[in-house]
Amino acid sequence: MASVEITKHLWEFLPVLRDRTLTVDAKTVAEVVREVERIAPGFTYYICDERGCLRTHVNIFVGQERILDRTRLSDPVDEDSRVLIMQALSGG
Amino acid sequence: MRVLVGTRKGTFFVEKQAGSWRPRLAGHAGVGVNFVTRDPHSAELWAALGHGHWGAKLSRSRDGGNSWSDATQIKYPPGARYLAPADPDPNASEEDAAKGPGLRDATLLKLWVIAFGAPGHVHVGTIPGGLFSSFDGGDSFQLNLPLWNHDSRGGNLFDGPGNGVTHWFGTPASEGEFAPGIHSISVDPRDPQRWLIAVSTAGVLETRDGGKSWQGRNRGMLNDYLPDPAAEWGHDPHFVTRSASQPDYVWQQNHAGVFFSSDGAETWRKVSQPEAGVHFGFPVAVDESNGKTAWLVPGKSDFQRMTIDGKLFVARTRDGGESWQPLRRGLPQDGAYDVVYRHALANQAGCLAFGSTTGNLYVSEDEGDSWITVANNLPPIYSVRFG
């Protein structure tokens, strides 16, 4: 099961995520997002647009690496992965 | 009486207590609030949010603003596309560079304005150029397809290239892109099937059949930035509103002047008075009972979007724009450079309020004759509405 840590910023809008490190069964980042959506309905539209593309000012890391595919979120995840979902440093 | 204020950093309420107007943070702390308003039928409050990171979100309060929660979110349907100018690309081939506008997927960039019609009818204007309507009290919203597929913007682009030509241009309010936006929605109080909308930049459109078909309403409009000043499309209304009890009296503060219609927007007449400083600006408010009485907060010009000579004033007409009076009492007349956005002036029963991008909020209780400074240190103000 991959572990998923989500920025505290989103706890304010999706209180069900508060103080939780989630573990999900997923093989790609897209599957991670789908699993988190099941726990916190509305989550996906916070981090992705209508087409499912990652919003400009959001980052997802698998381990130490930023994901490559911001369109379909196809980056692989394995059961030891630590997935971090956070706001991008956008300045201002 | 309460004033709802949308700012770059949250929703504020301004209420009169013990004889003085006091602002307080009332929700969405740290979040951009483009518009906040009250449904006159349900008394629910609605806010159009623009999160820096998390996109545009619709928020509603069912308890008068004590608590807010995400509403049903507005999304463009799969396949919704619009014509947009291609970004210049020095590496493009000659053939590609000459192609002109291309199709772009529509994703929600901004929720800009919220309006109400018959009970249960909620309308939201968005960028890029969407009108979303709910007829179930806001539980679900649908993109108005006859407007989205209007010939003036290229026709039906869901399945093909349409007619390839759009007369809808962009607005710099597009959050990083340059797409058209719907910022004004006015439902005729006599007939809930008749809605006026205004688009930056395209012009004014009307439906008389509840959104099934749309016609341009730009006769008499004049611009000063296109080859044909009286072109059918390409006008830049900054805000359009009408009198509640005399809905045929419609007002428009436009990029190229102030326009007035006495026939429900069938025809427009330019009523600018540049020598009185009445020409450029963003907001306009009209009296509920006397449609010939209106207020503006003029700016200097398109080229200098600021007060005239550092003096802030409101302009009022009581005769349909034949004459204008500057109202300055209580407003700063030295070193003031307030800019007032299109949704940031409101009136109700002779009381007026407006707020500026410099975080100043002013209220008048005597139809604008005199003004009280209510706040000087609010975040940049995007919208001011009574509710």
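In what follows, helices and strands are DSSP runs, numbered from the N terminus, a helix having at least four residues and a strand at least two. Good morning, colleagues. The structure before you is a predicted model, and I shall discuss chain A, then the contact between the chains, then chain B.

I begin with the sheet of chain A. Five strands form an open sheet in the order S2-S1-S5-S3-S4, with mixed pairing. At its edges stand strand S2 (22–24) and strand S4 (65–66) of chain A, each of which pairs on one side only. As a general reminder, the strands of a sheet pair through backbone hydrogen bonds, either parallel or antiparallel. Strand S1, residues 2–6 of chain A, runs parallel to strand S5, residues 82–87 of chain A, and 4 bridges join the two. Within that pair, Ser3(A) stands opposite Arg82(A) in S5(A). Helix H2 of chain A, residues 29–39, lies across S1, S2, S3 (58–62) and S5 of chain A. The angle between H2 and S2(A) is about 125°.

One residue of chain A deserves separate mention. Leu73(A) is in the loop between S4 and S5 of chain A. Although not a glycine, Leu73(A) has a positive phi of about 55°. Is Leu73(A) buried or exposed? Leu73(A) is buried, because 22 C-beta neighbours lie inside 10 Å, and the cut-off for burial is 20 or more.

Let me turn to the contact between the chains. Chain A contributes 12 residues and chain B contributes 11 residues. On the chain B side, these residues comprise 3 nonpolar, 5 polar and 3 charged.

Now to chain B itself, which has 2 helices and 30 strands. The C-alpha trace of chain B spans about 65 × 50 × 45 Å along its principal axes. Why may one call the overall dimensions of chain B those of a compact globule? Chain B has a radius of gyration of 20 Å, and a compact globule with 387 residues would have one near 21 Å, so the two agree. Of the 387 residues in chain B, 50% are buried. Among contacts in chain B between residues at least 6 apart in sequence, 50% join residues at least 24 apart.

The largest nonpolar core holds 102 residues. Those that touch the most other members are Ile197(B), Leu296(B), Leu345(B), Ala353(B), Phe354(B) and Val384(B). Strand S10 of chain B, residues 110–116, gives the most to this core, namely 6 residues. Apart from this core lies another, of 25 residues, which include Val58(A), Leu73(A), Val83(A) and Trp54(B). Leu73(A), the loop residue with the positive phi, is thus met again in this second core.

I close with the backbone of chain B. In general, most residues other than glycine have a negative phi, and most peptide bonds are trans. Ala18(B), which is not a glycine, has a positive phi of about 50°. Ala18(B) is placed in the loop between strand S2 (10–17) and strand S3 (20–27) of chain B. Ala18(B) is exposed, because 5 other C-beta atoms lie within 10 Å.

Two cis peptide bonds remain to be shown. The bond from Ile127(B) to Pro128(B) is cis, with omega near 5°; Pro128(B) belongs to the loop between strand S11 (122–127) and strand S12 (130–134) of chain B. The bond from Ser200(B) to Thr201(B) is cis, with omega near 5°, and Thr201(B) sits in the loop between strand S15 (195–200) and strand S16 (203–207) of chain B. Thank you for your attention.

How values were computed. Residues are numbered from 1 along each chain as its sequence is written. Chains are lettered from A and ligands numbered from 1 in the order in which they are written. This is a predicted model: local features need pLDDT of at least 70, side-chain atom pairs count only at pLDDT 80 or more; totals for chains, interfaces and linings use all residues. Two strands pair if DSSP finds at least two bridges between them. Two residues are in contact if their C-beta atoms, placed from the backbone, lie within 7 Å. Axes are lines fitted to C-alpha atoms, for helices over the stretch in contact, and angles run from 0 to 180 degrees between N-to-C directions. Ala, Val, Leu, Ile, Met, Phe, Trp, Tyr, Cys and Pro count as nonpolar, Asp, Glu, Lys and Arg as charged, and the others, Gly among them, as polar. A residue is buried if 20 or more other C-beta atoms lie within 10 Å of its own, exposed if 12 or fewer, and partly exposed in between; C-beta atoms are placed from the backbone. The radius of gyration is taken over C-alpha atoms; the globule rule is 2.2 Å times the number of residues to the power 0.38. A nonpolar core is a set of buried Ala, Val, Leu, Ile, Met, Phe, Trp, Tyr and Cys residues joined through C-beta atoms within 7 Å.
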